[in-house]
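Colleague: I'm new to this one. Could you walk me through how to read it?

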Amino acid sequence: MLFARLKTQTWEDKQIKDVKHINDYVFMFCFKDGTIKIMDIEPYIRKHIKLFEPMIKDKNIARNVQIEPMGTGIYWNDIMDMEAEYIYNNSQEVNW
């Protein structure tokens with residue numbers, strides 16, 4: 001009897017390859033494992049309001065999202081950032 005081998009995810013699978021700003025605080029992420037996910041980050045930034053206060057005051061800042069080196073997260077400046085693993089685990093997968 002043959003058993004299908006389940007792939008164990010590593011942190012490398014959760015690296016962000018690409019990010020697109022959709023609108024307001026909604027982003028689409030493409031991960032190294034090929035997964036595409038969408039996430040509204042507004043609950044996250046409201047939870048961390050002191051760090052993200054500039055973005056709450058000006059939604060246009062969200063458009064300037066950058067990917068951290070090695071795809072380990074996203075950031076807008078030296079203070080405002082999110083880890084890739086958090087995004088991966090808290091976003092909705094898109095099935096095309």
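Colleague: Let me start with one residue: leaving aside its neighbours within four places in sequence, which residues is Gln15 in contact with?

Modeller: Keep in mind that this is a predicted model. With the close sequence neighbours set aside, Gln15 is in contact with Cys30, Phe31, Lys32, Met70 and Gly71. As for its place in the chain, Gln15 lies in the segment before E1.

Colleague: Is Gln15 buried or exposed?

Modeller: For that you look at relative accessible area, where buried means under 20%. Gln15 has 9% relative accessibility, so it counts as buried.

Colleague: And what does the side chain of Gln15 reach?

Modeller: It's the backbone oxygen of Met70, which the side chain of Gln15 reaches at 2.8 Å.

Colleague: Where does Met70 lie, then?

Modeller: Look in the loop between E4 and E5. Exposed means over 50% relative accessible area, and Met70 counts as exposed because its value is 60%. There's a backbone detail too: Met70 isn't a glycine, yet its phi is positive, at about 70 degrees.

Colleague: Which other residue has a positive phi without being a glycine?

Modeller: Try Asp24, with phi near 40 degrees. You'll find Asp24 in the loop between E1 and E2. Its relative accessible area is 41%, so Asp24 is partly exposed.

Colleague: What do E1 and E2 form around that turn?

Modeller: They form a hairpin, with two residues between the strands. To read the pairing, follow the bridges: strand E1 (residues 16–23) and strand E2 (residues 26–31) are antiparallel and share six bridges. For one pair to look up, take Asp18, whose bridge partner in E2 is Cys30. Cys30 has come up already, as one of the residues in contact with Gln15.

Colleague: How do I read a sheet of several strands? What order do the strands have in the open sheet of three?

Modeller: Read across the sheet, from one strand to its partner. Here the order is E4-E5-E6, and the pairing is antiparallel. The edges are strand E4 (66–67) and strand E6 (81–83); each has a single partner strand, so one side of each lacks a neighbour in the sheet.

Colleague: How many bridges join E5 to E6?

Modeller: Three bridges do, with E5 covering residues 73–75 and the two strands running antiparallel. If you want a residue pair to find by eye, Ile74 stands opposite Met82 in E6.

Colleague: What about the helices? Where is the place of Glu53, for instance?

Modeller: Glu53 belongs to helix H2, which spans residues 49–57. It is partly exposed, because its relative accessible area is 39%. You can also use Glu53 to see how the chain folds back: Glu53 and Met80 are 27 residues apart in sequence, while their C-alpha atoms are 9.3 Å apart in space.

Colleague: Now zoom out for me. How many helices and strands does the protein have?

Modeller: Count three helices and seven strands. Starting at the N terminus, the elements go β-β-β-α-α-β-β-β-α-β.

Colleague: And what share of the protein do buried residues make up?

Modeller: They make up 32% of the 96 residues. On the outside, the protein exposes about 6800 Å², with 51% of that supplied by carbon and sulfur atoms. One last reading tip is to ask how far along the chain the contacts reach. Of the contacts with a separation of 6 or more, 46% come from residues 24 or more positions apart.

Key
Residues are numbered from 1 along each chain as its sequence is written. This is a predicted model: local features need pLDDT of at least 70, side-chain atom pairs count only at pLDDT 80 or more; totals for chains, interfaces and linings use all residues. Side-chain values use heavy atoms; hydrogens and water are left out. Two strands pair if DSSP finds at least two bridges between them. Helices (H or I, at least four residues) and strands (E, at least two) are DSSP runs, numbered from the N terminus. Buried means under 20% relative accessible area, exposed over 50%, partly exposed in between (1.4 Å probe, protein chains only). Contact means heavy atoms within 4.5 Å. Accessible areas come from the Shrake-Rupley method with a 1.4 Å probe; for residues, only the protein chains shown count as cover. A polar contact is a pair of N or O atoms within 3.5 Å; within protein, one must be able to donate a hydrogen and the other to accept it, and residues adjacent in sequence count only if both atoms are side-chain atoms.
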